[in-house]
Amino acid sequence: MARSTTTKSKVIVTIGAWLVGFLIFFPILWIFLMSFHTEGDAIKSPFAMLASPWTTEAYQAVQTQNSYGKFFMNSVVISVGSTVLALIIGIPAAWSMAFVPGKRTKDLLMWMLSTKMMPAVGVLIPLYLGFKVTGLLDTRTGLVAIGTLINLPIVIWMLYTYFKEIPVEILEAARMDGASLSSEILYVLTPMALPGIASTMLLNVILSWNEAFWSLQLTTSDAAPLTQFIASFSAPEGLFYAKLSAASTMAIAPILIMGWFSQKQLVRGLTFGAVK
Amino acid sequence: MNMTLRALLGATALLTLAGLASAETTITVATVNNGDMIRMQGLMDDFYAKNPDIKVEWVTLEENVLRQKVTTDIATKGGQFDVLTIGTYEVPIWGKSGWLVPLNDLPAAWDQADLLPAIAGGLTVDGQLYAAPFYGESSMVMYRKDLMEAAGLTMPDAPTWADIDKAAAAMTDKSKEQYGICLRGKAGWGENMAFLTAMSNSFGAKWFDMDWKPQFDQKPWADTLAFYLHLMNDYGPPGASNNGFNENLALTQQGHCGMWIDATVAASFVTGKDSTVADKMGFALAPDNGLGKRGNWLWAWSLAIPAGTAKVDAAKAFVAWATSKEYTELVASKEGWANVPPGTRTSLYANAEYQKVPFAKMTLDSINSADPTHPTVDPVPYVGVQFVAIPEFAGIATEVGQQFSAALAGTTTAADALAAAQELTTTEMTKAGYIK
């Protein structure tokens, strides 16, 4: 039965939701505003800063100091590459766990999730040495591999949840019609789970794009993504808020735009199965 | 000549060119983002003209990220960097550990004897120079001449803490958001503890006695912290426990601070174009208490070569160029004498043009008055003015800094903060094997 709601409560909830949304978005808005002021104005009180003239000086300084294009391309290759690789491994893995579970499947899923609970710095030295020996330091290949491994538990978990919502009878019917295992996954399962796969993909691109610890530790120049681009504008002695804000805006803008256009897909995928 | 032969000759020429190009050595320089380093990146044409076979890749990072990353790389001999920008804290530790290439054999024209003795002393281990200073700094008092004059006071060139107390009281008018003194309060070994450790030296305090026993339970530390809290609570800005270098710089530039005791490098900022009080600033030595030590620190951002690099010669060529007298002259010719990296060479301060820079003399006097090998009134088993050059210091001092910052914020008392500092330092030093 539908719960009755009054107009007043609707208004209060709507205002509350907008307020929470604004609070969450506020740091990004403030970064954006600071980026269009001089260093001197950016450190003034909020109202004084807003009243001061706008300028693109910080963006010009950022462009002069560092090449954005190189960092951007590295971010694209690393986030897309690691997501695609994680999906290639994750889809068959999630299929087997969802449709032919073994006695230890649940334990395996929990173990995979538990790897996310370990502090990354705990394996820094062994991984760093491994990368050094294999020549993967400061390479996109190395970062794609790390990104894949980091996000694989999330990919498998998300896909596993979506696959569990698909009636196994459909797959059995496909099998009876003579579909091979690869055809069953590729032509039957994947199209049905497309919203889930899409949202998994989007979430992983976002997570890989924002990953900072490993990308800062394992790259120097050739494979350095946008996280390192941002980190290069923090100064120990001297004002840097405007330049750092400009660099941050440039780094988050692509993923923000992508998220904006795909938000319907993202929300649909994330809530998939929740109302069954 | 037929087409095939032409193609073969062309390919051979291209391969030869490719071979020549591959003879170029690329070195990777890890650095922090400060004005002097960024300026150098814009002046690289001079280096390339003198060293056409060397290419330089810059990796600019936030100070703590750089420190963590370089430490990982150097400890694992990762070889990602050929030149490192490191501070006076790391050089003695890393030099002693064999992580750095000695620089005593740089060309004679580089003139090692010209380095300021205090700065060179902080970068030397057992007679070996392990890093070339790029810019050096101490700390000093930067004060508002107009406010002092209005209060009928004169700042001595070498003030005592009593002078500072008096001046801070006279210049404070909280109703006008005018605070007598701004000091670092943000927790961190390079933030509030850099200031407080240097200040404590002038109060006769020390981190450890000759047996490495922590000394926070002694009177000089109690006096240091009590006086610091008195200055900040009575004359400092609100929320000072969150203020570091950049926050105090902003307050000073906006005219909210009567005095600011901090890095000498700040002098160029408070007299620069972003400052509303640029023409009203005066400079004095960091205060003392008549015990023979001033409350100023000593720091140099220096260029060092990690022992793991395979490109030592190219790295040395770069270090020698970047820290040479010629580089200073190059900066002066392009951007003026006020913008040259300060605090490294005696010859710079003998230069008549540089002497015209308003803060030049006070910077030199401040650097000269710091002694990293004898930083305290009583003898101590360590070197370093605002730090103790042992690997454990950064972690311990950050925790102690959190206690002192909490005392400034009013969430704990000075006595409790000192007791906690004593306890945690004793625990860590025992764990590290210094205390048997």
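pLDDT is the predictor's confidence in each residue, from 0 to 100. This is a predicted model, where local features need pLDDT of at least 70 and side-chain atom pairs count only at pLDDT 80 or more, while totals for chains, interfaces and linings use all residues. Residues are numbered from 1 along each chain as its sequence is written, and chains are lettered from A, with ligands numbered from 1, in the order in which they are written.

**Figure 1. Confidence along chain B, from helix α1 to helix α10.**
Helices (H or I, at least four residues) and strands (E, at least two) are DSSP runs, numbered from the N terminus. Among the elements of chain B, the bottom mean pLDDT goes to helix α1 (residues 3-22) with 52, and the top one to helix α10 (residues 219-235) with 98. Watch residues 15-21 of chain B: their pLDDT is below 50, and beyond near neighbours in sequence the stretch has 0 contacts in the model. Contact here means that the C-beta atoms of two residues, placed from the backbone, lie within 7 Å. The chain B average is a pLDDT of 91, with 95% of the residues scoring at least 70. As for the model scores, ipTM is 0.73 and pTM is 0.80.

**Figure 2. Where chain A touches chain B.**
On this interface, 25 residues of chain A are in contact with 27 residues of chain B. On the chain A side, the elements that give two or more residues are α2 (39-42), α7 (124-134) and α12 (213-218). The most comes from α7(A), with 5 residues. Sorted by class, the chain A side has 13 nonpolar, 8 polar and 4 charged residues. For the classes, Ala, Val, Leu, Ile, Met, Phe, Trp, Tyr, Cys and Pro count as nonpolar, Asp, Glu, Lys and Arg as charged, and the others, Gly among them, as polar.

**Figure 3. The two domains of chain B.**
Domain bounds come from an automatic or database domain assignment. For chain B, that assignment gives domain 1 (3-136 + 299-355) and domain 2 (139-297 + 385-431). Their centres, taken over C-alpha atoms, are separated by 33 Å. Across the boundary, 7 residues of domain 1 are in contact with 8 residues of domain 2. The domain 1 side of that boundary divides into 6 nonpolar, 1 polar and no charged residues.

**Figure 4. The buried side of helix α8 of chain B.**
A residue is buried if 20 or more other C-beta atoms lie within 10 Å of its own, exposed if 12 or fewer, and partly exposed in between, with C-beta atoms placed from the backbone. In helix α8 (residues 161-171) of chain B, the buried residues are B:Trp161, B:Ile164, B:Ala167, B:Ala168 and B:Met171. They cover an arc of only 120° around the axis, so they sit on the same side of α8(B). That arc is taken over the directions from the helix axis to the C-beta atoms. The cover over these buried residues includes β6 (132-144), α7 (145-150), β7 (179-182), α10 and β8 (257-263) of chain B.

**Figure 5. Nonpolar cores, with B:Val83 and B:Ala317 picked out.**
A nonpolar core is a set of buried Ala, Val, Leu, Ile, Met, Phe, Trp, Tyr and Cys residues joined through C-beta atoms within 7 Å. In the largest one, of 162 residues, B:Val83, B:Ala131, B:Met142, B:Ile181, B:Met259 and B:Phe318 touch the most other members. Leaving aside neighbours within four places in sequence, B:Val83 is in contact with B:Ile27, B:Val29, B:Leu303, B:Ile305, B:Ala315, B:Phe318 and B:Val319. Apart from the largest core lies another, of 25 residues, among them A:Leu152, A:Tyr160, A:Ile197 and A:Val205. B:Ala317 belongs to helix α13 (residues 312-322) of chain B and counts as buried because 20 other C-beta atoms lie within 10 Å. Beyond its neighbours within four places in sequence, B:Ala317 is in contact with B:Asn51 and B:Ile54.

**Figure 6. Positive phi at A:Asp138 and B:Lys77.**
A:Asp138 has a phi near 55°, a positive value in a residue other than glycine. You'll find A:Asp138 in the loop between α7 and α8 of chain A, partly exposed, with 19 other C-beta atoms within 10 Å. B:Lys77 isn't a glycine either, yet has a positive phi of about 50°. B:Lys77 sits in the loop between α4 (63-75) and β3 (83-86) of chain B, and is partly exposed, with 13 other C-beta atoms within 10 Å.
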